[in-house]
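Good morning, everyone, and thank you for making room for me on the agenda. Please have a look at the sequence and the model on the screen before I start talking you through them.

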Amino acid sequence: MLAGKRPTAEAGGRPRVRLAANAALAVIGLCFVLPLAWLLLASVDPHAGYETRWPQSPSFANFAAVLTPGLLFQPLTNSFLLSAGTAVVNLAVAVLAAYPLSRYQSRFNKPFLYAILFGTSLPVTAIMVPVYGLFVQLQLLDSMPATIFFMATTTLPMAIWMTKNFMDSVPLELEEAAWMDGASGLATLRRIVVPLMRQGLGVVFIFVFIQAWGNFFVPFILLLSTSKQPAAVSVFSFFGQHGAIAYGELAAFSILYSVPVLILYTVVARGSGSAFALSGAMKG
Amino acid sequence: MLAPVAWSFYASFTNAALSGKAALNPQWVGLDNYARMLTDSVFPLSAWLTVVFVAVSAILGQNALGLVIALLMTRSGGATASLVGTVVVASWILPEIVAAFAAYAYFSQDGTLNQLLGMFGVQGTNWLYAFPMAAIILANVWRGTAFSMLVYRAALSQVPRDVSEAALMDGARGWQRLAFITLPIIRGSIATNLMLITLQTLAVFTLIWVMTAGGPSNASTTLPVLAYQEAFKLGDIGYGTAIASVLILIGVVFGAVYVRLIRGAKP
């Protein structure tokens with residue numbers, strides 16, 4: 001439907017092309033925004049259902065209703081602990097793993113990098129069943145630290161890959177100067193390389209954090225007690241178990257839960273251009 | 001990462017279960033689980049649905065739409081492009097469970113889609129029940145296109161301007177320049193993108209689970225959903241793991257092709 005509008009109008013001259021492209025983009029944009037309309041409207045409508053409509057009496061009652069420790073703060077704190085924990089573990093391991101990969105030529109480098117790349121391609125949903133079995137055997141079920149470590153392993157390949165690419169752009173000369181002065185490898189890493197790639201590391205941190213924040217499946221399987229579940233899981237039980245779904249509250253909760261990652265993404269996109277973050281992940 | 005994979009292959013040859021005798025002492029059952037797959041009525045259906053889901057929503061939908069949006073953006077520029085880009089990216093950045101709720105509401109009986117159709121006098125149906133595959137495919141296109149769009153925007157921005165201008169001078173029409181110049185230049189990005197979105201879509205669980213839970217009567221049960229149901233709902237860890245192993249194998253095959261492509265791209 002849209003393909004026809006694309007570049008065929010070229011013969012008609014620039015302004016017409018631009019107009020056609022704008023029109024086509026506007027239609028696509030509308031299609032993308034429609035599913036979100038319900039979320040936004042229902043959140044301020046105390047009598048919301050699955051219909052999309054202007055609220056009769058718009059209010060923040062839904063937000064007020066979910067702003068309780070049990071419903072909102074506890075799950076969001078759990079989400080934060082899981083995501084921040086995962087990102088910290090990732091960053092620490094990724095820096096240590098990326099350093100030799102970036103700085104020393106070894107014949108194990110390439111196979112290792114390809115293995116990492118390979119690791120990014122394993123579907124996490126497929127690994128969950130055996131991991132659950134493993135967690136049962138090791139009696140780690142319902143343990144926050146164990147869940148953090150598992151979530152960290154799932155995002156680690158991508159984190160190492162990105163970190164290595166960022167590290168490659170830190171000039172070697174500065175480090176060599178430090179070695180001359182007798183600094184050890186680990187000291188140069190900590191004092192020189194890491195500070196210089198601060199921005200890149202920020203991107204990796206936020207990238208992992210966003211992924212962990214939105215992760216539903218892993219905590220859904222590995223964390224059992226309600227007090228440990230992150231928002232992704234608690235909002236699901238909110239939706240599934242109450243007989244009558246409080247649609248408005250569900251929408252309000254969803255928005256409050258989404259805001260942190262939307263802000264974080266904007267920070268990355270503003271600071272470095274979203275293409276930059278992606279190129280860190282994509283270039284080979 | 002490797003330990004669970006190894007364990008997974010081992011467990012797929014046992015009758016490990018969530019509860020009962022087999023939970024404590026799983027027995028080696030050889031290829032039983034795999035043989036059961038072949039006779040199971042749901043497994044072939046589920047494998048087929050997975051293929052359809054990946055082919056239509058990722059390879060056709062996300063990939064083509066992402067490319068179209070990126071191309072349109074290079075021709076429009078300005079406010080429309082950045083506004084549409086923001087909207088597309090927003091549905092990608094949203095936590096998966098929130099996106100799934102929004103898609104559920106959109107396709108439900110009283111949802112936005114039917115309200116829109118109603119405006120044109122068309123009587124909608126309960127899409128999640130009548131056309132569950134179509135609903136989850138569209139939802140996955142909606143959610144995932146941003147990734148392809150970003151990849152192609154980055155790729156297109158690196159296509160040298162003078163090459164396409166030279167072609168324009170030679171009188172090449174829009175679609176000719178696209179087919180013979182632009183697409184061959186960004187070939188590498190297309191391959192990488194296809195591989196990544198294929199693998200991402202292969203693993204989609206939450207979206208389907210929230211929207212249809214695999215139903216009605218398995219009409220939208222892809223392999224991740226089936227593995228989950230067998231292992232956690234029916235308690236048959238051994239069989240669930242066997243299904244998961246098949247999924248891992250598919251991922252491994254795609255991963256191998258992916259690594260090859262990247263290797264080939266820069267010798």
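I will go through helix packing, then salt bridges, then two backbone angles, and end with chain B as a whole.

Please keep in mind that this is a predicted model, in which local features need pLDDT of at least 70 and side-chain atom pairs count only at pLDDT 80 or more, while totals for chains, interfaces and linings use all residues. Residues are numbered from 1 along each chain as its sequence is written, chains are lettered from A and ligands numbered from 1 in the order in which they are written, and side-chain values use heavy atoms, with hydrogens and water left out.

Let me begin with helix packing. Two packed helices are described by the angle between their axes and the distance between the axes. Helices here are DSSP runs of H or I with at least four residues, strands are runs of E with at least two, and both are numbered from the N terminus. Axes are lines fitted to C-alpha atoms, for helices over the stretch in contact, and angles run from 0 to 180 degrees between N-to-C directions.

In chain A, the axes of helix H3 (residues 69–103) and helix H9 (residues 198–214) come within 8 Å and cross at roughly 140 degrees. H3(A) and H9(A) are therefore oblique to each other, since angles under 35 degrees count as roughly parallel, over 145 as roughly antiparallel, 65 to 115 as roughly perpendicular and the rest as oblique. Contact means heavy atoms within 4.5 Å, and among the residues that meet are Leu76(A) and Phe80(A) in H3(A), and Leu201(A) and Phe205(A) in H9(A). By class, this contact of H3(A) with H9(A) has 14 nonpolar, 4 polar and no charged residues, where Ala, Val, Leu, Ile, Met, Phe, Trp, Tyr, Cys and Pro count as nonpolar, Asp, Glu, Lys and Arg as charged, and the others, Gly among them, as polar.

In chain B, the axes of helix H6 (residues 96–107) and helix H7 (residues 112–119) come within 4 Å and cross at roughly 35 degrees. Ala105(B), Tyr106(B) and Phe107(B) of H6(B) touch Thr112(B), Leu113(B) and Leu116(B) of H7(B).

How many salt bridges does a search of the whole structure find? There are 2 over all chains, a salt bridge being a side-chain nitrogen of Lys or Arg within 4 Å of a carboxyl oxygen of Asp or Glu. In one of them, Lys228(A) pairs with Asp142(A), with the closest N and O atoms 3.7 Å apart, and this pair links distant parts of the chain, 86 residues apart. Lys164(A) forms a salt bridge with Asp168(A), the closest N and O atoms being 2.8 Å apart; these two are separated by about one helical turn, because they lie 4 residues apart in helix H6 of chain A.

Now to the backbone. Asp142(A) has a positive phi of about 70 degrees although it is not a glycine, and at 17% relative accessibility it counts as buried, which means under 20% relative accessible area, with exposed being over 50% and partly exposed in between (1.4 Å probe, protein chains only). Ala213(B) has a positive phi near 55 degrees and is partly exposed, at 32%.

Finally, chain B has 15 helices and 0 strands, and of its 267 residues, 55% count as buried.
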